[in-house]
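Q: I'm new to reading protein structures, and I'd like a close look at a single part: the largest pocket. Could you walk me through its lining and then through the parts of the protein around it?

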Amino acid sequence: YVGFPVLTSGLSLKDYNISINDLPQHDSTIEMLFMLEAMKRSISESEENITALNSANKKLEQANVTYKQTEKLALTGSWYMSFSSGVAEWSEMCCKIYGIPAAENKQSFEEWLSFIHPEDLPELRKKIEFSERGKSALDFTGRIITKSGHVKYVHHITTYDFDENGTAVGVFGTVKDVTDEYAAKIALESSKQSLERYKSAI
């Protein structure tokens with residue numbers, strides 16, 4: 001490496017691991033200095049971009065953790081189905097509610113219906129047909145039967161996803177486990193009925 005004037009940054013050609021023979025031949029030393037300064041700025045910008053990308057990835061990871069914790073606390077899962085694939089991708093909490101492993105988070109529409117309690121299925125199908133006709137939201141509370149055979153009460157809400165042309169391209173959905181709430185409601189109604197019977201007997 002040949003000797004070379006130090007740049008304003010305090011670096012020289014050797015610091016860049018560049019030989020004078022690797023550079024285009026210039027008539028002016030100033031032109032080469034400008035080129036090296038440009039290289040330095042490019043390297044600096046690349047380092048800044050990498051730092052920004054790492055920071056964004058960390059924020060995304062933190063947001064994902066927060067989202068999962070929120071789902072667990074709210075006993076609420078979510079899913080999205082693209083019409084192009086016909087397969088819904090369930091969140092971790094959604095899988096937990098239905099009693100399936102998180103690795104089985106890709107479910108078809110028919111697979112989802114297989115979890116619905118047979119006595120609640122006719123009403124749900126009617127709501128689905130109504131929702132499909134008007135591309136409107138669906139709101140339904142009913143029973144599901146998990147793979148382990150447990151019966152749960154869940155609250156379903158679905159909304160359509162539209163592209164910029166107004167064409168429905170998919171469906172967003174949430175499911176909330178309301179088993180405890182429903183059990184409390186039934187217990188309260190049972191208590192009221194018992195109280196009424198007691199009053200009538202007096």
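A: Let's begin with the lining of the largest pocket, where α4 gives the most, with three residues. Other elements take part as well: β1, β2, β3, α3, α4 and β5 each supply at least two residues of this lining. Keep in mind as you look that this is a predicted model.

How much space is there? The largest pocket holds about 280 Å³. Its lining is made of 16 residues, and those closest to the centre of the pocket are W79, M81, F109, W112 and V171. If you sort the lining by character, you get eleven nonpolar residues, four polar ones and one charged one.

W112 is a good place to pause, since W112 also belongs to another part of the picture. The largest nonpolar core has 25 residues, and W112 is one of the four that touch the most other members, along with W90, Y98 and L124. Many elements feed this core: β1 (76-82), β2 (87-90), α2 (92-98), α3 (109-113), α4 (121-134), β4 (138-145), β5 (151-162) and β6 (168-177) each supply at least two residues. Here α2 gives the most, with five residues. As a general background, nonpolar side chains in soluble globular proteins tend to be buried together.

Now follow the contacts of W112 itself. Leaving out residues up to four places away in sequence, W112 touches W90, Y98, L124, I128 and H156. Try finding these five in the structure, starting from W112.

From W90 you can step on to N105, which sits in the loop between α2 and β3 (106-108). Not counting neighbours within four places in sequence, N105 is in contact with A88, E89, W90 and C95. Is N105 buried or exposed? N105 counts as buried because its relative accessibility is 17%, and the limit for buried is under 20%.

C95, one of those contacts of N105, brings us to a last puzzle. C95 is buried, with a relative accessible area of 1%, and C94 is buried too, also at 1%. Why is there no bond between the sulfurs of C94 and C95? The sulfur of C94 lies 6.0 Å from that of C95, its closest cysteine sulfur, so the two are too far apart for a bond. A disulfide needs the two sulfur atoms within 2.5 Å. A search of the whole structure turns up zero disulfides.

Notes:
Residues numbered from 1 in each chain as written. Predicted model: local features only at pLDDT ≥ 70, side-chain atom pairs only at ≥ 80, totals over all residues. Heavy atoms only, no water. Buried < 20%, exposed > 50% of the residue type's maximum accessible area, 1.4 Å probe, protein only. Core = buried A, V, L, I, M, F, W, Y, C linked by side-chain atoms within 4.5 Å. Helix = DSSP H or I, 4+ residues; strand = E, 2+ residues; numbered from the N terminus. Contact = heavy atoms within 4.5 Å. 1 Å grid on protein atoms, 1.4 Å probe; cavity = no way out; pocket = protein on both sides within 12 Å on 5 of 7 lines; lining within 4 Å. Points joined across faces, edges and corners; volume = space filled by probe spheres on them. Nonpolar A, V, L, I, M, F, W, Y, C, P; charged D, E, K, R; others polar.
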